[in-house]
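Me: I have a structure open and want to go through a few details. Can you help me read it?

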Amino acid sequence: MRLPLPVGMVYADDGTITVDPDEEVRTAVADVFTLFDQHGSALGVVRALAGRRFPRRDTGVWDGRLGWGRLTHGRAAAVLKNPVYAGAYAFGRSTSIRKVRPDGTVVTSVSRRPRDQWAVLIPDHHEGYISWQRFLQIEAKLAANRTRTKARPPREGVPVCQGIIFCGSCGFPMNTRYRRADGTADYVCTRARSDALQSPGCHSIAATAVDPQVVDLLLAALTPEQVHLALAAADEVHHRHQRSHRAAELAVERARYEAERAERAFSQVEPENRLVARSLESRWEAKLAALAQAETALADLIAAEPALPEAARLRELARDLPALWQAPTTTAKDRKRLLRTLIADVTVRHVDDARAHIGVRWHTGAVDEITCDRRTNRNPTQAVDIVRELLDTRTDAEIAQHLNSLGFTTGNCRPFTVNSIRHIRAQHAIGSRRNNPTEQGEITVPQAARILGIHEAAVYPWIRSGEMAGRQARHRRWCITWDSDIEAYWRERVATSSHLKRRANTNYETGQAV
């Protein structure tokens, strides 16, 4: 059947399917697959091709005419999912469903079928842009990007364990909660958000406590020596696959011989002898079916074999991997992809308020277990002591500048600012003495006035005359020496003074007599 072809594919003069002879069209379609390998998503391809025009086939009156427009996410996904670009002929990829509404109208909807339910699928049917094996890899990658199916693809955030970290208490995945604009985040158990399902071990943990530990394990596993051992193991697996392939190849060879033998027997029978011809024809069809089954089994074995990277390229990558990991040109998504190529998942279990247990499971099945501090953003103890010492004599900005001049940094390895000083004061409950300038055995003038029941203006003459012992603290605030004997003396003196009695019977906040 001559089905409509997508843009980039045309019918040749002999009726076969081939790539478009227009070089601009071929380049545009080929760039979609190239950019998908770099960005890993259809949306990444659209962003990379923003500003470039993309070919399309018009419909309606101009059916089949080549046009140009903007590449959208839907068109990019359609190109990546179409098996025609992989050189395969496919029919029955979708089905139409008709439903009758209560008002009598008929509604038709189209739904996609799984690949195993396609009516016809012929790989290697014609020339394509990619191989069938690469098409299967793209299909699996697109399926892994669907978050509505609970997939957790790598994102642009800084935490490298995002998407593959799980709570060791309840087994649920942990979400990433960002706290600041600089990208610092916490891993929070999704089940802990529900009070009905929260278990005692569900806790959050700082991403800066988990990520460095996991990255160190990854970089330690990608040393040149470890890569050499991995390549040796991969060669052994490759030889094992070849031995299993050899058995399948022999099965295909035997099935092909029997099919050719049945064909020769059918061709030699006389056409008039229909009884024998029908029997030999059915035998020939059975042998052809057995041959197709054997070829499919061999193709599945070849497709299941993992592709081995070049040994020299892998050793070079392992030698420069730490520098490549820290390079500013390496994005967070690239780091996550590299991490996921070797590490399957990370499990965090709460030990106590200060420690957490981290389990790293590799794709090989091996498991590494480490213990880390749950909080790594603690400020240096010496810096906290300096803040406590200088708080009454300097402002927050001056304290931050002083700490930076001494070479101190915050727990997140950043310079001190006014906000970080305020955070230290709130975290360690460091109160300023400006609000309470008194020493032990002293009270302020307003406190003395309230105790004696008089206005504080009556206290200052006693201080200036020396009758009441006091000193002037910061910001012109006076502190008075005070004890029970002094309090009894001044209470008696206020009680015997008619002038102070009148002042004591006046509410100085409202100015009214009481």
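Me: Which residue in β11 is the bridge partner of threonine 176?
Reply: The bridge partner is tyrosine 187. One note before we go on: this is a predicted model.

Me: How many bridges join β10 and β11, and in what sense do they pair?
Reply: There are five bridges between β10 and strand β11 (residues 185-189), and the pairing is antiparallel.

Me: What sheet are they in, and what is the strand order?
Reply: They belong to an open sheet of three strands, ordered β10-β11-β12, with antiparallel pairing. The edges are β10 (174-178) and β12 (205-206), each of which pairs on one side only.

Me: Switching to charges. How many salt bridges does the structure hold?
Reply: It holds 14. One of them joins the side chains of glutamate 295 and arginine 256, at 3.3 Å from N to O. That pair links distant parts of the chain, with glutamate 295 in helix α7 (residues 274-304), arginine 256 in helix α6 (residues 224-268), and the two positions 39 residues apart.

Me: Which residue does lysine 287 meet in a salt bridge?
Reply: Glutamate 258, also with an N to O distance of 3.3 Å. Lysine 287 is in helix α7 and glutamate 258 in helix α6, so this salt bridge ties together parts 29 residues apart in sequence.

Me: Are lysine 287 and glutamate 258 buried or exposed?
Reply: In between. Lysine 287 counts as partly exposed at 27% relative accessibility, and glutamate 258 does too at 30%.

Me: What about arginine 361, what does its side chain meet?
Reply: Aspartate 345, in a salt bridge of 2.4 Å, N to O. Arginine 361 sits in strand β14 and aspartate 345 in strand β13 (residues 343-350), 16 residues apart.

Me: Why does aspartate 345 count as buried?
Reply: Because its relative accessible area is 13%, and buried means under 20%. Its partner arginine 361 is partly exposed at 38%.

Me: Back to the surface. Which residues form the positive patch?
Reply: Lys81, Arg112, Arg146 and Arg148 form it. Arginine 112 lies in strand β7 (residues 106-112).

Me: Is arginine 112 buried or exposed?
Reply: Exposed, because its relative accessible area is 64% and the cut-off for exposed is over 50%.

Me: Last one. How many residues apart along the chain are aspartate 368 and leucine 217?
Reply: They are 151 residues apart, while their C-alpha atoms are separated by 8.5 Å. Aspartate 368 is found in strand β15 (residues 367-373) and is partly exposed, with a relative accessible area of 30%.

Technical notes: Residues numbered from 1 in each chain as written. Predicted model: local features only at pLDDT ≥ 70, side-chain atom pairs only at ≥ 80, totals over all residues. Heavy atoms only, no water. Patch = residues over 30% accessible without salt bridge, like charges linked within 9 Å, V, L, I, M, F, W, Y side chains within 5 Å. Areas by Shrake-Rupley, 256 points an atom, 1.4 Å probe, with all protein chains shown as cover. Salt bridge = Lys/Arg side-chain N within 4 Å of Asp/Glu carboxyl O. Lys, Arg positive; Asp, Glu negative; His and termini not counted. Charge placed at Lys NZ, Arg CZ, Asp CG, Glu CD. Helix = DSSP H or I, 4+ residues; strand = E, 2+ residues; numbered from the N terminus. Buried < 20%, exposed > 50% of the residue type's maximum accessible area, 1.4 Å probe, protein only. Pairing = 2+ DSSP bridges.
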